[in-house]
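Student: I have a structure open on my screen and would like to learn how the usual labels are earned. Could we go through it together?

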Protein chains: 2
Amino acid sequence: MRHYAADMAHDAPSMRQALAVPPGPVVLAGYDTKKAPRAPAPKKPKLAGSEAQQLRGLQERLWAESTAGGTHSVLLLLQGIDTAGKGGVTEHVVGIFRPIGVQYTAFKKPTPEEAAHHFLWRIRHRLPTPGVVGVFDRSHYEDVLVPRVHKFIPESEWRGRYGEINAFETEVAAAGTTLIKCFLHISFDTQRERLLRRLETPDKHWKFNEADLDERARWADYMAAFEDMLENCNTAVGPWYVVPSDSKKYRNWAVGELLRETLEELNPQYPHPDLDIEALKKRLEPPN
Amino acid sequence: MRHYAADMAHDAPSMRQALAVPPGPVVLAGYDTKKAPRAPAPKKPKLAGSEAQQLRGLQERLWAESTAGGTHSVLLLLQGIDTAGKGGVTEHVVGIFRPIGVQYTAFKKPTPEEAAHHFLWRIRHRLPTPGVVGVFDRSHYEDVLVPRVHKFIPESEWRGRYGEINAFETEVAAAGTTLIKCFLHISFDTQRERLLRRLETPDKHWKFNEADLDERARWADYMAAFEDMLENCNTAVGPWYVVPSDSKKYRNWAVGELLRETLEELNPQYPHPDLDIEALKKRLEPPN
């Protein structure tokens, strides 16, 4: 059984190392949903203020660099059971970046057109272009989760998809996109509390779907599907991170840290075109 | 010559009335770029805090309503000369809303594929679906501006486009989309200051393009093109607003107010599905 050794994770030299899934079989019960590796005690972790400003600056540089030929992009991919916080993370993260440099996609139940194509077809259409941070709220991983749990397709088919996904992500990475794949991990009990809160707030009833409870009844099946996904699609170019998500603040902050580390490593630079500043200023002088 | 009578605009019962372009010929010189109609003195106008929260709440209701069959959407369309603040407004506005309910599009120089189609083709692809606030950073109005000023097309062609645009917007409105068309209005001198600031900040040089100065040299031609656009495409379903934009804070706040008034008038409601709360809560009880 592999999981983070709590203290080791806390002392890890980077958030990516702290939350990375080690190679080999994954047992999610071994990943504590309440842990907060590398949380900046005694300060509370929070994706706001200077953390947000820093991310915003890095993303502006990524975008700026792409306007002068830079080819890098980033893809933040979020998976997790209902109420794990995919929507919450995207709101925080997307809200920080400049609209021009971020592309958000919520993948829902495939439309008839999407379903008529290969499962990666709709994903390819939404890959980030150079300079852009793409955010996937669900992704191609849905195709090894829902159809597996509901037995819509035979085991051979969903098992075959792992290899297709790995080949696809290798191609995406080779094109200049750094992948950050996050599994937002909450406990069975936290999901209960969050669903209960929706039931207790009339203005949140529209978010409630009785089918969510049928899915919750398949918790163990979903966890097995997540474990296989984390084990079989955990590659050098597409590593998986398990983000403890019982605390919303820690979850948002941790994803922000994964983004920050990634962008800092890419180290994008503002282009400095060779402008004849004085001549240009002259052209801007007020007309006589 | 029609323009806002400053005091009248300040006392107008709504922001939409204060900034609306009256029917008839438009002379932009008559619209003061430094005016601040309805600004909440002595407080400084600012799109933040409670104003932002209110907008966020309204937009959530618009989105929520659409999940239960609501058909309304909003389209905020921004035009203005270089440095007028289209990017600044979108950042502020888009940053407020939940990513799931906002769709931002920056229309740039048409790609070869776009140019091969009718000029409204790429616009149709990005219209907001029910529940969504669409934000257009430039739009189909570019097609009666740049090609006119540069004489890429004969006058008969750009003149003919006004009617096509009006017919198109009538269709868009009939489908449930409320249009908010804003012309961000700055003075020649404010543009000079903003371009100068870019030149004086090395990390902003990447935003500078010498061609921007060639466009600036055509200021009068652009103003004439804007005036014709404001006059000829100012319809009941697609009214134009002239937003004084020499002050960035006022500009952002004013656009926020136009959005707020529009959303309040649509008055979207959270759906209240008929849930058997007690039975559902029972299903959520912890297993024994």
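Tutor: Gladly! Keep in mind that this is a predicted model. Let's start with a pair in chain B: Glu261(B) and Arg16(B), whose side chains meet in a salt bridge at 3.0 Å, N to O.

Student: What makes the contact of Glu261(B) and Arg16(B) a salt bridge?

Tutor: A side-chain nitrogen of Lys or Arg has to be within 4 Å of a carboxyl oxygen of Asp or Glu. The N to O distance here is 3.0 Å, so the pair meets the rule.

Student: Which parts of the chain does this pair link?

Tutor: Distant ones: Glu261(B) sits in helix H12 (residues 248-266) of chain B and Arg16(B) in helix H2 (residues 15-19) of chain B, 245 residues apart.

Student: Are Glu261(B) and Arg16(B) buried or exposed?

Tutor: Both Glu261(B) and Arg16(B) are buried. That label stands for a relative accessible area under 20%.

Student: Which residues are joined into one network by salt bridges that share partners?

Tutor: Arg56(A), Glu60(A), Arg98(A) and Glu91(B) are. Over all chains, the count comes to 44 salt bridges.

Student: How do you know that the salt bridge of Arg56(B) and Glu91(A) is a pair that crosses between chains?

Tutor: Look at where the partners lie. Their side chains meet at 2.6 Å, N to O. Arg56(B) belongs to helix H3 (residues 49-66) of chain B, and Glu91(A) to helix H4 (residues 86-96) of chain A.

Student: Why is Glu91(A) called partly exposed?

Tutor: Its relative accessible area is 22%. Partly exposed is the range between the buried limit of 20% and the exposed limit of 50%, so Glu91(A) earns that label.

Student: What makes Lys281(A) and Glu200(B) a pair that joins two chains?

Tutor: First, the side chains of Lys281(A) and Glu200(B) form a salt bridge at 3.6 Å, N to O. Lys281(A) is in helix H13 (residues 277-284) of chain A, while Glu200(B) is in helix H9 (residues 188-200) of chain B, so the pair joins two chains. Lys281(A) also counts as partly exposed, at 25% relative accessibility.

Student: Why does Ser50(A) count as exposed?

Tutor: Exposed means over 50%. Ser50(A) has 54% relative accessibility, so it counts as exposed. Ser50(A) is found in helix H3 (residues 49-66) of chain A, and its C-alpha atom is separated by 18 Å from that of Leu62(A), 12 residues apart along the chain.

Student: How do you know that Glu227(A) has no salt bridge?

Tutor: The nearest side chain of opposite charge, Arg148(A), is 7.5 Å away, and Glu227(A) is buried. Glu227(A) is part of helix H11 (residues 219-232) of chain A. Apart from neighbours within four places in sequence, Glu227(A) is in contact with Val26(A), Val27(A), Leu28(A) and Ala29(A).

Student: How many helices and strands does chain A have, and what makes chain A as compact as a globular protein of that length?

Tutor: Chain A has 13 helices and five strands. Its radius of gyration is 21 Å, close to the 19 Å that the globule rule gives for 288 residues, so chain A is as compact as a globular protein of that length. Of those 288 residues, 52% count as buried.

How values were computed
Residues numbered from 1 in each chain as written. Chains lettered and ligands numbered in written order. Predicted model: local features only at pLDDT ≥ 70, side-chain atom pairs only at ≥ 80, totals over all residues. Heavy atoms only, no water. Helix = DSSP H or I, 4+ residues; strand = E, 2+ residues; numbered from the N terminus. Rg over C-alpha atoms; globule rule 2.2 N^0.38 Å. Buried < 20%, exposed > 50% of the residue type's maximum accessible area, 1.4 Å probe, protein only. Lys, Arg positive; Asp, Glu negative; His and termini not counted. Contact = heavy atoms within 4.5 Å.
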